Amino acid sequence: MTRPAPSTGPQLIAYADRLGGSIPALTALLRGPLAGVFDGVHILPFYTPFDGADAGFDPVDHTAVDPRLGTWSDVADLATSHTVMADMIVNHVSVDSAAFQDVLARGDRSPAAGMFLTFGSVYPDGADEAELARIYRPRPGLPFTPMTLGDTRHLVWTTFTPQQIDLDVRSTAGREYLDQVLTALTSAGVGMIRLDAVGYGVKTPGTSSFMTPETFAFIDELTAAARAQGAQVLVEIHSHYQRQIAIAERVDLVYDFALPPLVLHTLYTGDTAALRHWLDVRPSNAITVLDTHDGIGVVDVGPDQIEPHAPGLLTAAQVDALVESIHEHSGGQSREATGWAASNVDVYQVNCTFYDALDRDDARHVAARAIQLFTPGIPQVYYVGLLAGVNDMDLLARTGVGRDINRHRFDAEEVEAAWGSWATRTVLELLRLRRSHPAFGGRFRVEGEGAELILAWENGDATARLVLDAGSGVGRVEVSADGDGPARTLVLTPES
């Protein structure tokens, strides 16, 4: 099987069932209407089942493609034309997985008994209040769910929800399981592995059990294993920006999760200082995003949640103002889907489409995408953002899951309508420019003063510049002549 080498060109993020309906249909979109736009695609969990309690992030069988979406052969076919990224969910499996169901039935008599974590397996000598209070998790309360395993009551470790059972990644059974998952992915041509929730993967007494030295060692091991099978590794961590910089030094790729809230802060206030600072210190081996299948993170720019004295890229007051501004611009819809208002995994994220967070303002939406595409790294564009999707309040009402507000299922008519909109057409033009113009293979610099933000690329005679007035949201893109066309200026203002 031949697969393209991972590139730095734009990538799409999509659920196969929510854009296209299946892996072959998503492939047809990438090779059809989106031909020449994306070099790669992050297919969100397509394992059995893709529609579980956490939209596929709670796999019953992580080594099987849900037959409603396709087969491993379909994944391999897509990998011949596009770099494929897929999730390796390392922290947990579904409560309905065969291994855990056997443990529920037989307890310690099950061959899989050592594969899962309980309070007792992590703290064999017990733990006091201070010890338990140190545990860091993305939602309030302790990460334990009472369950009867065989005929014995235990506190099972469940970092996220009671439907997601944490693995003992240090056990023989746990490591064998992860090896099987990695082999299934790389054998189908997956060239980029996203380590989902890996920051919580190792539990160590006496620590927060989040991004500890033991976690870093585990990430090193997984990275080495993936590289040995020809895949790059992306680590998914929502945390203080300095922690993101530290992990970037040890892996192939990290997310730039600070960029989305900083772009919003910049366009809300016209103040470019925080964004300029981040562009100066951020890691270069980053995946840039504005939106994903999760919410808009704010923990990534605020003061450290673990070491509160470490300042963030924004002050606590600025973070509060940012959150309230998202709620205001979305007409209060994001408030209904965030924090205690819905069944949320992470109260430090605001659930809202990026388009709604910008008050459905086409010019600011396109300006935000331009900032993303001019920022160094590999840009990934979420399917809802690509189509300028709005908050799905009906889906939120049906499921009660806050993140579903930004997980709309697009039918063929909606997709066709989006292709004709000014916002989507302009973003597609910017993506093609980012993918093909030689300037983006050169040197990057930040220019301008005050509210004027200029992001410039230069590679020999090839140049590309984004000039933006952050106060008004009005901008333009200026590019030199290249093999695909003459020098031109693209004004980021909707057609009248």
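The buried residues of helix α10 pack against α8 (241–248), β12 (253–256), α9, α14, β17 and β18. These buried residues are Ala274, Leu275, Arg276, Trp278 and Leu279. The model is predicted. Within it, eight strands close into a barrel with parallel pairing, and five strands form an open sheet with antiparallel pairing. The points below begin with α10 and its partners, then take up the sheet, the barrel, Asp294 and several backbone features.

**Helix α10 and its neighbour α9**

- Helix α9 covers residues 259–269, and its axis comes within 8 Å of the axis of α10.
- The two axes cross at roughly 150°; angles over 145 degrees count as roughly antiparallel, and α9 and α10 are therefore roughly antiparallel to each other.
- On the α9 side, the residues that meet α10 are Leu259, Leu262, His265 and Thr266.
- On the α10 side, Ala274, Leu275 and Trp278 meet α9.
- Classed by residue type, the contact of α9 with α10 has five nonpolar and two polar residues, and no charged residues.
- Ala274, Leu275 and Trp278, which meet α9, are also among the buried residues of α10.

**The open sheet and the helices packed on it**

- The strand order in the open sheet is β17-β18-β19-β20-β21.
- β17 (443–447) and β21 (488–491) stand at the edges of this sheet; each has a single partner strand, so one side of each is left without a neighbour in the sheet.
- From one strand to the next, the twist of the open sheet averages 15°.
- Five bridges link β17 to β18 (residues 452–459) in the antiparallel sense.
- Glu447 stands opposite Ile454 of β18.
- Helix α10 (residues 273–281) lies across β17 and β18, and its direction is at about 25° to β18.
- Helix α14 (residues 362–374) also packs on the sheet, where it touches β17, β18, β19 (462–469) and β20 (474–479).
- The direction of α14 makes about 140° with that of β19.

**The barrel**

- Around the barrel, the strands follow the order β1-β2-β5-β10-β11-β12-β13-β16.
- The twist in the barrel averages 30° from one strand to the next.
- Strand β1 (residues 11–14) and β2 run parallel and are joined by four bridges.
- Leu12 has Val41 in β2 as its bridge partner.
- From strand β2 (residues 40–43), Gly40 and His42 point one way, whereas Val41 and Ile43 point the other way; all are buried.
- Strand β5 (residues 83–89) and strand β10 (residues 192–196) also run parallel, with five bridges between them.
- Met88 has Leu195 in β10 as its bridge partner.
- The barrel strand β12 is one of the elements against which the buried residues of α10 pack.

**Asp294**

- Asp294 lies in the loop between β13 (286–288) and β14 (296–297).
- Buried residues have under 20% relative accessible area; at 9% relative accessibility, Asp294 therefore counts as buried.
- The side chains of Asp294 and Arg403 are joined by a polar contact of 2.7 Å.
- Beyond its neighbours within four places in sequence, Asp294 contacts Glu236, Gln349, Asn351, Arg403, Asn406 and Arg407.

**Backbone features in loops**

- The peptide bond between Thr48 and Pro49 is cis, with omega near -10°.
- Pro49 belongs to the loop between β3 (47–48) and β4 (61–65).
- Asp359 is not a glycine, yet has a positive phi of about 60°.
- The place of Asp359 is in the loop between α13 (354–357) and α14.
- Asp359 is partly exposed, with a relative accessible area of 48%.
- Arg360, a residue other than glycine, likewise has a positive phi, near 55°.
- Arg360 is found in the loop between α13 and α14.
- With 39% relative accessibility, Arg360 counts as partly exposed.

Note on methods: Residues are numbered from 1 along each chain as its sequence is written. This is a predicted model: local features need pLDDT of at least 70, side-chain atom pairs count only at pLDDT 80 or more; totals for chains, interfaces and linings use all residues. Side-chain values use heavy atoms; hydrogens and water are left out. Helices (H or I, at least four residues) and strands (E, at least two) are DSSP runs, numbered from the N terminus. Buried means under 20% relative accessible area, exposed over 50%, partly exposed in between (1.4 Å probe, protein chains only). A polar contact is a pair of N or O atoms within 3.5 Å; within protein, one must be able to donate a hydrogen and the other to accept it, and residues adjacent in sequence count only if both atoms are side-chain atoms. Contact means heavy atoms within 4.5 Å. Two strands pair if DSSP finds at least two bridges between them. Axes are lines fitted to C-alpha atoms, for helices over the stretch in contact, and angles run from 0 to 180 degrees between N-to-C directions. Angles under 35 degrees count as roughly parallel, over 145 as roughly antiparallel, 65 to 115 as roughly perpendicular and the rest as oblique. Ala, Val, Leu, Ile, Met, Phe, Trp, Tyr, Cys and Pro count as nonpolar, Asp, Glu, Lys and Arg as charged, and the others, Gly among them, as polar.
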